[in-house]
Amino acid sequence: MKLILASTSATRLALLRNAGIPFEAVSPGIDERALEAPLLAAGASPTEIALALARAKALAIDGPGALVLGGDQVLDLDGERFVKPADRADAARQIARLAGKTHRLRTAVVLAADGEIIWELVTTASLTMRPLDEGQIERYLDAAGDSALWSVGAYLLEGVGIQLFSAIEGDYFSILGLPLLPLLEILRQRGVLPS
């Protein structure tokens, strides 16, 4: 069975490639902010928002006879939601807000087949950022470069972003964007991978 990743995220592509999973990547072409606006207005939880966005991405791709994988992440700090930073100044603000605190990262993944959701999973990780002053944040942003703009919270754990943290609880692959172990199991069950 063919797998289509409804994403062009470099990290998700690398995770699937490195795990030896055959797939095709297609941008879902959805407006995430427009999709989540009514959910936010209705008081949806971070988990509900992550799952709704992952579902929308998986259902946005027409792949007859294929499995379509959608995923999304929502970062929240005591109810405050974060999205990918727009620019370096926004990244600095996000890191300053997270510094010295523990935030939650919800990762939702969904598999759809022929326009129907057939499997979904949400994981939660708790990440504690160490206290950081303005100079430390600026040095981090210098080292991270454009990668600070690629994810919510302005960090990539697989790079220099790991230096921002004092503690992490949760699945590493989920934090990167895909809970690989449960995903591998369902892909074996569905015939994408040999069992």
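This short presentation goes through helix packing, the nonpolar cores and several individual residues of one predicted model.

Good morning, colleagues. I shall begin with the helix pairs. Two packed helices are described by the angle between their axes and by the distance between those axes.

Take helix 2, residues 32–41, and helix 3. Their axes lie 10 Å apart, and the packing angle is about 140 degrees. That value makes helix 2 oblique to helix 3, since an angle has to be over 145 degrees to count as roughly antiparallel. The crossing of helix 2 past helix 3 is right-handed. On the helix 2 side, the contact is made by E32, L35, E36, L39 and L40, and helix 3 supplies I49, A52, L53, A56 and K57. By class, this contact of helix 2 with helix 3 comprises seven nonpolar residues, three charged ones and no polar ones.

The second pair is helix 4, residues 88–98, with helix 5, residues 134–144. Here the angle is about 130 degrees, and the axes are 10 Å apart. Helix 4 is therefore oblique to helix 5. Helix 4 passes helix 5 in a crossing that is right-handed. From helix 4, the residues R88, A91, A92, I95 and A96 meet I137, E138, Y140, L141 and D142 of helix 5. The contact of helix 4 with helix 5 divides into seven nonpolar and three charged residues, with no polar ones.

Let me turn to the interior. How many residues make up the largest nonpolar core? The largest nonpolar core has 46 residues, and those with the most contacts inside it are L69, I95, Y155, L183 and L187. Helix 7, spanning residues 180–189, provides the largest share of this core, with five residues. Apart from it there is another core, of 16 residues, which includes A44, L51, V74 and A112.

I95 deserves a second mention, as it belongs to the helix 4 side of the contact with helix 5. Y155 is another of the residues with the most contacts in the largest core. Setting aside residues up to four places away in sequence, Y155 touches L75, L98, H103, L127, M129, Y140, A148, G161, L164 and F165. Of these, Y140 is also one of the helix 5 residues that helix 4 meets.

Just before Y155 comes A154, in the loop between helix 5 and strand 7. A154 is not a glycine, yet its phi is positive, at about 65 degrees. Is A154 buried or exposed? With a relative accessibility of 0%, A154 counts as buried.

M129 is a partner of Y155, and M129 is found in strand 6. Its relative accessibility is 1%, so M129 counts as buried. Beyond four places in sequence, M129 touches I95, L98, A99, G100, K101, Y155, L164, F165 and S166. In space, M129 and A86 are 21 Å apart from C-alpha to C-alpha, and 43 residues separate them in sequence.

Strand 6 also holds I118. I118 counts as partly exposed, because its relative accessibility is 29%. Leaving aside neighbours within four places in sequence, I118 is in contact with L67, L111, A112, A113 and R190. The C-alpha atoms of I118 and V68 are separated by 9.9 Å, with their positions 50 residues apart along the chain.

Next, consider A66, in the loop between helix 3 and strand 3. A66 has 3% relative accessibility and so counts as buried. Its contacts, not counting residues up to four places away, are K2, I4, A112, A113 and D114. Of these partners, A112 is among the residues of the 16-residue core. Between the C-alpha atoms of A66 and Y155 there are 33 Å, at 89 residues along the chain.

D114, in contact with A66, lies in the loop between strand 5 and strand 6. D114 has a positive phi, near 50 degrees, in a residue other than glycine. At 57% relative accessibility, D114 counts as exposed, whereas A154 counts as buried.

I close with helix 1, residues 10–18, where T11, R12, L13, L15 and L16 are buried. The buried residues of helix 1 pack against strand 1, strand 2, strand 3, helix 6 and helix 7. After helix 1 comes G20, with a positive phi near 75 degrees. Thank you for your attention.

Methods:
Residues are numbered from 1 along each chain as its sequence is written. This is a predicted model: local features need pLDDT of at least 70, side-chain atom pairs count only at pLDDT 80 or more; totals for chains, interfaces and linings use all residues. Side-chain values use heavy atoms; hydrogens and water are left out. Axes are lines fitted to C-alpha atoms, for helices over the stretch in contact, and angles run from 0 to 180 degrees between N-to-C directions. Helices (H or I, at least four residues) and strands (E, at least two) are DSSP runs, numbered from the N terminus. Angles under 35 degrees count as roughly parallel, over 145 as roughly antiparallel, 65 to 115 as roughly perpendicular and the rest as oblique. A crossing is left-handed if the near helix is turned anticlockwise from the far one by less than a right angle, and right-handed if clockwise. Contact means heavy atoms within 4.5 Å. Ala, Val, Leu, Ile, Met, Phe, Trp, Tyr, Cys and Pro count as nonpolar, Asp, Glu, Lys and Arg as charged, and the others, Gly among them, as polar. A nonpolar core is a set of buried Ala, Val, Leu, Ile, Met, Phe, Trp, Tyr and Cys residues joined through side-chain atoms within 4.5 Å. Buried means under 20% relative accessible area, exposed over 50%, partly exposed in between (1.4 Å probe, protein chains only).
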